[in-house]
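Welcome! Here are a few short exercises to work through with the structure in view. Try each task yourself before you read its solution.

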Amino acid sequence: MITALYAALLALLMIWLAVQVIKLRHKNKVSHADGEIEDLQVARGAQGNAAEYIPITLILMTLIEYNGANALLIHGLGVLFVLGRVIHARAILSKNFSGRVKGMKLTFAVMFTLVILNFVYLPFDKLW
């Protein structure tokens, strides 16, 4: 299953983001939440953003794969999504607004494409 590759890569990104939060909590002696520390708020925001967008996108990708989409199409979307998420995560952590916008544009482009493709590959004959 192709989507498993991208799920694993994105899980590594989520682990990396979690480690950034942990390091800042340790550095600032914060046991939970953000302790009103701006850098920790930013890191938690980056982690939360990834947790919001990655699961639904992987579900959409899995569904088009299950319904017979072309392997190269799935790989192309997977690469673009991972790239968008990495650009976005790094931009949030470095407080780079234009990078955040680029990362989200790429993220939304892949998500919207997956929505359309799920309608294209939907097995309408099996819905009823």
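Among contacts in the protein between residues at least 6 apart in sequence, what percentage join residues at least 24 apart? The share is 69%. Please keep in mind throughout that this is a predicted model.

**Exercise 1. Describe the overall build of the protein.**

Solution. Begin with the secondary structure: there are four helices and zero strands. Reading from the N terminus, the order is α-α-α-α. Next, look at the dimensions: along the principal axes, the C-alpha atoms fill a box of roughly 55 × 30 × 25 Å. Then turn to the surface, which comes to about 7800 Å² of accessible area, with 67% belonging to carbon and sulfur atoms. Of the 128 residues, 37% count as buried. Finish with the charges: the protein has 12 positive and 7 negative ones, and their mean positions are 7 Å apart.

**Exercise 2. Check the spans of helices 1, 2 and 4 against the expected 1.5 Å a residue.**

Solution. Take helix 1 to start: residues 2–28 make 27 residues, and the distance from the first C-alpha to the last is 40 Å, close to the expected 39 Å. Helix 2 has 29 residues and reaches 42 Å, close to the 42 Å expected. For helix 4, the rise of 1.5 Å a residue means that its 25 residues should span 36 Å, and the end C-alpha atoms are indeed 36 Å apart. Now look just past two of these helices. Lys29 follows helix 1 and has a positive phi, near 55°. Gly68 follows helix 2, and its phi is also positive, near 100°.

**Exercise 3. Find what covers the buried residues of helix 1 and helix 4.**

Solution. List the buried residues of helix 1, which include Tyr6, Leu10, Leu13, Leu17 and Leu24. Their cover includes helix 2 (38–66) and helix 3 (71–93). Then do the same for helix 4, where the buried residues include Gly99, Gly103, Met104, Val110 and Leu114. These buried residues of helix 4 pack against helix 2 and helix 3.

**Exercise 4. Decide whether Ala43 is buried or exposed, and name its contacts.**

Solution. Locate Ala43 in helix 2. Its relative accessibility is 1%, so Ala43 counts as buried, the cut-off being under 20%. Next, set aside the neighbours within four places in sequence: Ala43 is then in contact with Val21, Leu24 and Leu93. Two of these partners, Val21 and Leu24, are listed among the buried residues of helix 1. To get a feel for distance, go on to Tyr53, ten residues from Ala43 in sequence, where the C-alpha atoms are 16 Å apart.

**Exercise 5. Find the aromatic pair and describe its two members.**

Solution. The structure holds one such pair. Tyr53 and Phe108 form it in an edge-to-face arrangement, 5.6 Å centre to centre with 70° between the planes. The pair links distant parts of the chain, since Tyr53 sits in helix 2 and Phe108 in helix 4 (residues 97–121), 55 residues apart. Now compare each accessibility with the cut-offs. Tyr53 has 19% relative accessibility, which is under 20%, so Tyr53 counts as buried. Phe108 has 42%, which lies between 20% and 50%, so Phe108 counts as partly exposed.

Notes
Residues numbered from 1 in each chain as written. Predicted model: local features only at pLDDT ≥ 70, side-chain atom pairs only at ≥ 80, totals over all residues. Heavy atoms only, no water. Helix = DSSP H or I, 4+ residues; strand = E, 2+ residues; numbered from the N terminus. Buried < 20%, exposed > 50% of the residue type's maximum accessible area, 1.4 Å probe, protein only. Contact = heavy atoms within 4.5 Å. Areas by Shrake-Rupley, 256 points an atom, 1.4 Å probe, with all protein chains shown as cover. Lys, Arg positive; Asp, Glu negative; His and termini not counted. Charge placed at Lys NZ, Arg CZ, Asp CG, Glu CD. Expected span 1.5 Å × (residues − 1). Phe/Tyr/Trp six-rings, centres within 6.5 Å; stacked < 30°, edge-to-face > 60°.
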